[in-house]
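Subject: Structure handover

Hello,

Here is the structure for you to look over. My notes come after it.

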Amino acid sequence: MSRFWKTALLVVAVLLVAGIGYRVLGSGKQKQAGWGGQQGDAQVPVTVVAAVRDTVPVYVTAQGTVSAYNTVTVSPQVGGQLLSVNFREGQAVKKGELLAQIDPRTFQAQYDQAVASLRQNQALLATAQSNYERSNSEAYRQYVAQTDLDTLRNQVAQYQAAVAAAQASMAQSKVQLDYTRITAPIDGVAGIRAVDPGNVVAAGTSLVTLTQLQPINVLFNLPEQQLDAVRAAQAAGPLRTATLDRAGGEVVNADGTLQVVDNQISSSSGTFRLRAEFANADGALWPGQFVNVRMKLGELPDSVVVPAEAVQRGSAGDFVYLVTPDDTVTLRDVVQGGQVDDGHVVIDKGLQAGDRVVTEGQFRLKEGIKVTPLQPGQAPPAPSEEQLKAAGQRRGAGRGPR
């Protein structure tokens, strides 16, 4: 092959490589232009909130169980036929209110017999006292032997003892008679009755269970790591406790006060038990109910607070997307200091008051990307006609001949 043809083939090869390189580079520029149109020219809209410095409360939360303040199983203390039940199931009853009546006739007869015995012994005592006083008077003493006086005095003591025994028997009979009227021992709500009228009941037969709902208790457990903080806070003053709804957001009852911290830690669960008392004036709490409990331990002054949704969890720990003054984002590692409420957290390290953090739209972000900051609830602005036209041109360029 001549030198001419070698030179020609070399020129053709160089032109072919240059053409391929131009197409590759042009395609890359088109793609880059397309990405820039999405992330550079049209900035990513995100919701941004500034960190604030505030005095925030410190809470501990747990799941708890509502327990009646008092629970009493009402049972008769004497046996007999149940004549009547004087309450409705589910009715609120007051202490001393009549709940049921047992046939009192047998006990009434025993009481009447005791009363009669007392009167008889009182009459015998009166006669003995009269005989002794007359025999021991100045007019008759010289005619009565000393032995007779001793006998008369002993008769007085004997009948005094008989009267005392009769009084005790009468009191016992009166107690038995009163037991035929079964009354409420506490204020509470009557449950479902266990015995119907007409049945013969014995002492100890369960009739109904009363539960006291006002006040009412809530039992809950906390991890043993929080024991020292709870005890220190309790030593400083009463600890206010609230119950929350099932979602854990809204306060249902906020009038609770911690009453007792149990005296031991469970070795099986590593938790300790606490009991809070609630007035329950509206009756919202019911025995056996599961509730979310929140107890305030104190306050943290001058703390940096951000919305909880701003904090993301990564393999290296917690971080936020921080918006710089030129509206670009950067990842910032943070250390949480605790939950303020269901919507905010304390940041111990990584942020200062005034730092802007992204709370919505994080899934579209990466380091150094440009964003359009929006207020919470604010919708992103609609694209302009020029932006729509430019986007159409970029899409058309991306579909060019290959």
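What follows covers one helix and the packing around it.

Please keep in mind that this is a predicted model.

Helix H4 spans residues 227-236, and its buried residues include Leu-227, Val-230 and Ala-233. These three sit on the same side of H4, because the arc they cover around the axis is only 135°. On the face turned away from that buried side, H4 carries the exposed residues Asp-228, Arg-231, Ala-232, Ala-235 and Ala-236. Just after H4 comes Gly-237, with a positive phi of about 160°.

As for what covers the buried residues of H4, the list includes four strands: S9 (208-223), S11 (251-265), S12 (271-278) and S13 (290-307).

The largest nonpolar core has 24 residues, and those that touch the most other members are Val-218, Phe-220, Leu-222, Val-230, Leu-258, Leu-274 and Met-295. Two or more residues of this core come from each of strand S2 (52-74), S9, H4, S11, S12 and S13. The most are given by S9, with 5 residues.

Leu-258 is worth a look in the viewer. With neighbours within four places in sequence left aside, Leu-258 is in contact with Phe-220, Val-230, Gln-234, Leu-239, Thr-241, Leu-274, Arg-275, Ala-276 and Met-295.

Another core, of 21 residues, lies apart from the one described above; Leu-99, Ala-100, Ile-102 and Ala-184 are among its members.

Regards

Terms used: Residues are numbered from 1 along each chain as its sequence is written. This is a predicted model: local features need pLDDT of at least 70, side-chain atom pairs count only at pLDDT 80 or more; totals for chains, interfaces and linings use all residues. Side-chain values use heavy atoms; hydrogens and water are left out. Buried means under 20% relative accessible area, exposed over 50%, partly exposed in between (1.4 Å probe, protein chains only). The arc is that of the directions from the helix axis to the C-beta atoms. Contact means heavy atoms within 4.5 Å. A nonpolar core is a set of buried Ala, Val, Leu, Ile, Met, Phe, Trp, Tyr and Cys residues joined through side-chain atoms within 4.5 Å.
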